[in-house]
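Have the sequence and the 3D view open side by side. We will walk through a few places, one after another.

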Amino acid sequence: MIELMIVVAIIGILASLAISAYQTYTVRAMVAEGLNMGAGAKVPIVDAFNQTGLPPADRAAAGMTPLATDTQGNYVSQVSVEDGRVTVTFGKNVHPAIFGDTISFTPYMSGLGSIIWRCGAASAPGGATELSGGGVTSVHLAPTVELRYLPASCRP
């Protein structure tokens, strides 16, 4: 009987570890949707910058619909554009651990003249400067999503 109780206790401990790991995996999958939706907003920003030489001040200037809530998903409540920076806000059916949290993508001009993106808490690209022009500068915004939920490319 004691041996059976020990086996049940060990299985309980292993199950609690598995549930925690699965929860982290699930939240990371939800963050991945936000990354994909944010990536979709990068193209209009680059196009607008290439046409005008200025980072778009908002979604309308990037050639997108003006309302940030027009871009939604199962876990993303809105995708906004502010001074060329894309900010993804999590909401709707998302896990409570990231409800209302944000992750941003900031454009930088590389030394070679191409636009590169800084994701979440990642370090600023070496030798690159934030996109600017016409009084608009793309300023980085730190994510409010916990680092453990971010993919490696968005961590420091």
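The paragraphs below go from the core to an aromatic pair, then to two loops and a late strand.

Keep in mind that this is a predicted model. Begin with the largest nonpolar core, which holds 24 residues. Which of its residues touch the most other members? They are V31, V88, F90, I98 and I103. Now look at where the core comes from. Four elements, α1, β1, β2 and β3, each give it two or more residues. Helix α1 gives the most, with 7 residues.

Stay with V88 for a moment. Set aside its neighbours within four places in sequence. What is V88 then in contact with? The list is G34, G38, V76, Q78, V79, D101, T102, I103 and F105. One of these partners, I103, appears in the core list too, among the residues that touch the most other members.

Next, find helix α1, which spans residues 2–52. Y22 and Y25 both lie in this helix. They sit 3 residues apart, about one turn of the helix. A pair of aromatic rings is described by the distance of the centres and the angle of the planes. For Y22 and Y25, the ring centres are 6.1 Å apart and the planes meet at 35°. Planes under 30 degrees apart would count as stacked, and over 60 as edge-to-face. The angle of 35° falls in between, so the pair is tilted. The count for the model is 1 aromatic pair. Are these two tyrosines buried or exposed? Y22 is exposed, with a relative accessible area of 56%. Y25 is exposed as well, also at 56%. The cut-off for exposed is over 50%, so both qualify.

Now turn to the loops. D83 is found between β1 (76–82) and β2 (85–90). Its phi is positive, about 55°, although D83 is not a glycine. D83 has 32% relative accessibility. Partly exposed covers the range between 20% and 50%, so D83 counts as partly exposed.

K92 is found in the loop between β2 and β3 (102–109). K92 is not a glycine either, and its phi is positive, near 60°. At 45% relative accessibility, K92 counts as partly exposed.

Finish at G133, in strand β6 (residues 132–133). What does G133 touch, not counting residues up to four places away in sequence? It touches L54 and P55. G133 and T52 are 81 residues apart along the chain. Their C-alpha atoms are separated by 9.5 Å.

Notes: Residues numbered from 1 in each chain as written. Predicted model: local features only at pLDDT ≥ 70, side-chain atom pairs only at ≥ 80, totals over all residues. Heavy atoms only, no water. Contact = heavy atoms within 4.5 Å. Phe/Tyr/Trp six-rings, centres within 6.5 Å; stacked < 30°, edge-to-face > 60°. Buried < 20%, exposed > 50% of the residue type's maximum accessible area, 1.4 Å probe, protein only. Core = buried A, V, L, I, M, F, W, Y, C linked by side-chain atoms within 4.5 Å.
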